[in-house]
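Subject: Structure for you to look at

Hello,

Here is the structure I promised to pass on. Please open it next to this email and follow along.

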Amino acid sequence: MFRGFRRVGVLGVTAVAAGAFFAVAAVPASAAEGFEFTLYAQEVPTDQGGDTTGPPADLGDSFAFADDLFRSKGGDKVGRDGVTCTVVRTGSPNDLVCVGTFVLNGGPGGQIMGQTLLSVDPDAEEQAAFDIAVTGGTGDFKDARGTIRSTPDGDFSRLEFHITR
């Protein structure tokens, strides 16, 4: 959920709204305990452009974005995500409810679902790091719980997965 969540510029808010969630280089603590891994998310360009000169976001405005997920910056692509965010509070900060599904290819494989209430400071040059709650999964991530820490990292978001089952 996750860039967590990317550029909110389409709504007139200039901040990174987050990355995404995944990795193939997962290191299982044990099959029963879960997975710990790091991935890098890079937003997939859209034909909507990145116009940040529009009016400010209103309550209920929503947007979607997608990321490609990589094992390392410029490394092998290991998955993708799709995220939707809705503005639930305006002002300083703006609050967005963001929900995402992340698909991991290979082993481990499956989907991870995540959600966060993201506070975006419209005056900040860069979005602060934030946590995404893991709300479930499929495949190797069936019954997943845990967190994903999303941190801006240049043109990417660094995603640190802490998954339990």
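Below is what was found, from the overall fold down to single rings.

**The model and its fold**

Please keep in mind that this is a predicted model. The protein has 165 residues. Its secondary structure comes to eleven strands and zero helices. Reading along the sequence, you will meet β-β-β-β-β-β-β-β-β-β-β.

How much of the protein counts as buried? The share is 43% of the residues. The accessible surface comes to about 7700 Å². Carbon and sulfur atoms hold 48% of that surface.

Now consider contacts between residues with a separation of 6 or more. Of these, 55% join residues 24 or more positions apart.

**F37 in strand β4**

Strand β4 covers residues 34–43, and F37 lies in it. Is F37 buried or exposed? Its relative accessibility is 5%. Buried means under 20%, so F37 counts as buried.

Next, find R71. F37 and R71 are 34 residues apart in sequence. In space, their C-alpha atoms are 9.2 Å apart.

F37 also belongs to an aromatic cluster. The other members are F35, F141 and F161.

**Aromatic pairs around F156**

The structure holds six aromatic pairs. One of them is formed by Y40 and F156. Their ring centres are 6.5 Å apart, with 85° between the planes. That pair is edge-to-face.

Why does the pair of Y40 and F156 tie together separate parts of the chain? Y40 lies in strand β4, while F156 lies in strand β11, residues 156–164. The two parts are 116 residues apart in sequence, so the pair ties them together. Both Y40 and F156 are buried.

F156 has a second partner to look at, F70. Here the ring centres are 6.3 Å apart. The planes stand at 80°, so this pair is edge-to-face too. F70 sits in strand β5, residues 62–70, and F156 in strand β11. The pair links distant parts of the chain, 86 residues apart. F70 is buried, as is F156.

**Where to start**

Begin with F156 on strand β11. From there, go to Y40 on strand β4, then to F70 on strand β5. After that, pick out the cluster of F35, F37, F141 and F161.

Best wishes

Technical notes:
Residues are numbered from 1 along each chain as its sequence is written. This is a predicted model: local features need pLDDT of at least 70, side-chain atom pairs count only at pLDDT 80 or more; totals for chains, interfaces and linings use all residues. Side-chain values use heavy atoms; hydrogens and water are left out. Helices (H or I, at least four residues) and strands (E, at least two) are DSSP runs, numbered from the N terminus. Buried means under 20% relative accessible area, exposed over 50%, partly exposed in between (1.4 Å probe, protein chains only). Contact means heavy atoms within 4.5 Å. Accessible areas come from the Shrake-Rupley method with a 1.4 Å probe; for residues, only the protein chains shown count as cover. Rings of Phe, Tyr and Trp (its six-membered ring) pair if their centres lie within 6.5 Å; planes under 30 degrees apart count as stacked, over 60 as edge-to-face and the rest as tilted.
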